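Reader: I am in my first year and still learning how to read a model like this one. Could you take me slowly through a single part, and then show me how that part sits within the rest?

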Amino acid sequence: RGASFFGLFTIPGIKPPMREVGRTFRQAHELIAYGMMGLVALHLFHGAFHHFRAKDKYLERMFPRVDS
């Protein structure tokens with residue numbers, strides 16, 4: 001299936017849709033998304049650990065207090 005540009009001309013499709021390739025990319029996209037969500041959660045947990053448990057002023061060094 002091609003792409004029509006306002007009825008002026010049509011660019012033909014390159015290949016017919018490949019369902020297996022699409023399924024593989026969709027699964028890879030899902031795994032990468034879950035992996036990144038896990039890394040974000042781990043990062044947040046580690047920041048909270050430093051602030052509440054280790055009490056090493058790690059977050060205060062990252063976000064210095066600004067006096068207004």
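Author: Gly47 counts as buried, because its relative accessible area is 13% and the limit for that class is under 20%. This residue belongs to helix α1, which covers residues 19-54, and like everything said here its description rests on a predicted model. If you look for what lies across from Gly47, one residue to find is Leu59: the two are 12 residues apart in sequence, while their C-alpha atoms are 7.1 Å apart in space.

Burial is worth setting against the whole chain, where 3% of the 68 residues count as buried. Read along the sequence, the elements follow the pattern β-β-α-α, that is, two strands and two helices. The radius of gyration is 24 Å, well over the 11 Å that the globule rule gives for 68 residues, and the chain is therefore more spread out than a compact globule. You can see this in the box that the C-alpha atoms fill along the principal axes, roughly 65 × 35 × 10 Å. The chain exposes about 7100 Å², of which carbon and sulfur atoms supply 66%.

Between Gly47 and Leu59 the chain passes through the loop that joins α1 to α2 (58-62), and Lys55 has its place in that loop. Its phi is positive, about 45°, although Lys55 is not a glycine, and with a relative accessibility of 60% the residue counts as exposed. Lys57 lies in the loop between α1 and α2 as well, and here too phi is positive, at about 60°, in a residue that is not a glycine. Lys57 is classed as exposed because its relative accessibility is 52%, and the class begins over 50%.

The side chain of Lys57 also takes part in a salt bridge with that of Glu60, with 3.9 Å from N to O. This pair is counted because the distance falls within the 4 Å limit. Glu60, at 42% relative accessibility, is partly exposed.

By this rule there are two salt bridges, and the other one takes us back to helix α1, where Arg23 and Glu20 both lie, three residues apart, or about one turn of the helix. Their side chains meet with 2.9 Å from N to O. Arg23 is partly exposed, at a relative accessible area of 37%, whereas Glu20 reaches 52% and counts as exposed. These bridges draw on a chain that has 10 positive and 5 negative side chains, the centres of the two sets lying 9 Å apart.

One further contact completes the picture, since a search of the whole structure finds one aromatic pair. The rings of Phe5 and Phe9 have their centres 5.2 Å apart and their planes at 25°, so this pair is stacked. Phe5 is partly exposed at 35% relative accessibility, and Phe9 is also partly exposed, with a relative accessible area of 45%. Compare these two with the residue we began from: Gly47, at 13%, is buried.

How values were computed:
Residues are numbered from 1 along each chain as its sequence is written. This is a predicted model: local features need pLDDT of at least 70, side-chain atom pairs count only at pLDDT 80 or more; totals for chains, interfaces and linings use all residues. Side-chain values use heavy atoms; hydrogens and water are left out. Helices (H or I, at least four residues) and strands (E, at least two) are DSSP runs, numbered from the N terminus. Buried means under 20% relative accessible area, exposed over 50%, partly exposed in between (1.4 Å probe, protein chains only). The radius of gyration is taken over C-alpha atoms; the globule rule is 2.2 Å times the number of residues to the power 0.38. Accessible areas come from the Shrake-Rupley method with a 1.4 Å probe; for residues, only the protein chains shown count as cover. Lys and Arg count as positive and Asp and Glu as negative; His and the chain ends are not counted. The place of a charge is taken as NZ of Lys, CZ of Arg, CG of Asp or CD of Glu. Rings of Phe, Tyr and Trp (its six-membered ring) pair if their centres lie within 6.5 Å; planes under 30 degrees apart count as stacked, over 60 as edge-to-face and the rest as tilted.
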